[in-house]
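Dear colleague,

Here is the structure that I promised to pass on to you. Please look at it first and then read the notes below.

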Amino acid sequence: MGDRLLHVTESQQFSREILYDLFERADKMRDYSGDKFKGRIMASLFYEPSTRTRLSFESAMKRLGGEVIGTENAGEFSSAKKGESLEDSIRVIGSYCDLIVLRHNVEGSAKKASQVSKVPVISAGDGKGQHPTQALLDVYTLYREFDRLDNLKIAMVGDLASGRTARSLCYLCSKFDDIELTFVSPDNLKMGGDIKGHLSENNVCYSEHDDLNNVLPRVDVVYMTRIQKERIEIEDYENARGKFVINRENLGLVREKSRIMHPLPHVEEIDLSIEIEGADERVAYFRQAENGLYARMALMDMILNGS
Ligand code: CP
């Protein structure tokens, strides 16, 4: 990536230097109150459901003093419903705003949108493809929790075939040194060959396992993910669900200084009480979600104010 960030469509765009710049800006955003984005407008265009990504982007823009326009169910409430192409929608929406945040159900849509957009497009997730800003907030969380990004043992657990957050995080992991990845997934939902190929080419050590309890005591990070029911066949979902769960029983296998992360939303793969989630320092996923706000403020600052 050059000096200036324009579109954000995949996590491998980010260099180590840009990531550290982003973390520094994100730390400063924690107490930011000002209006450096006064007069700027973000369009939030979501063709898939979202809680964290959409609302944290919208909150980020407002906290920076800007305005938000958009539609949260774009497939139904935008002219896509009347047959308008994504490219035409993007060309038009780009005339009304300074930045477009796009979540789409079809892989490759963010790239397609960026090719016709006159304003920056940030992917908020595209089908089974990538979720680059989730990966940014994930590594920002690692940085805050461990004060380092090198030399970490990370287990990624769950639906690694269609989980775009794990895919994007793998690309960022390949930027750091001495990262060891352990994939724990049902047989039918293993990490894709494209990601494994990328890890091999970049000398990232990875292995695949099917016994979560065996892996838990050996890693610094347990990155849990949901089985993506909406993206797979119902038989695949039924075969995979409930196989890998963190609960009160196996929580004891997680080391005291390790962290449990999850892009959220979580369903049955995390079965811990609200009390445990609130009191146990190892549970990092709500801090992770909050970090998304600051990481996205920092990202928009880089894009609209220069990196
Ligand atoms: N992590 C994430 O993308 O959550 P949402 O689907 O709620 O945006």
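The notes that follow deal with the ligand site and then with the enclosed space.

Please bear in mind that this is a predicted model, in which local features need pLDDT of at least 70 and side-chain atom pairs count only at pLDDT 80 or more, while totals for chains, interfaces and linings use all residues. Residues are numbered from 1 along each chain as its sequence is written, and side-chain values use heavy atoms, with hydrogens and water left out.

The shell around the ligand (residues with a heavy atom within 4 Å of it) consists of Ser50, Thr51, Arg52, Thr53, Arg103, His131, Gln134, Pro263 and Leu264. Because domain 1 (11–131 + 292–305) and domain 2 (132–288) both give residues to this shell, the ligand lies between them; the bounds come from an automatic or database domain assignment.

Oxygen atoms of the ligand make polar contacts (N or O pairs within 3.5 Å) with side chains: the distance is 2.6 Å for serine 50, 2.9 Å for arginine 103 and 2.8 Å for histidine 131. Of the 260 Å² of accessible area that the ligand has on its own, the protein covers 91%, as computed by the Shrake-Rupley method with a 1.4 Å probe.

As for enclosed space, there are three cavities of 30 Å³ or more, a cavity being a set of points on a 1 Å grid over the protein atoms alone where a 1.4 Å probe fits but cannot get out. The largest cavity holds about 100 Å³ of space, a volume being the space filled by probe spheres set on the points.

Best wishes

Methods: Polar contact = N/O pair within 3.5 Å; in protein donor to acceptor, adjacent residues only side chain to side chain. 1 Å grid on protein atoms, 1.4 Å probe; cavity = no way out; pocket = protein on both sides within 12 Å on 5 of 7 lines; lining within 4 Å.
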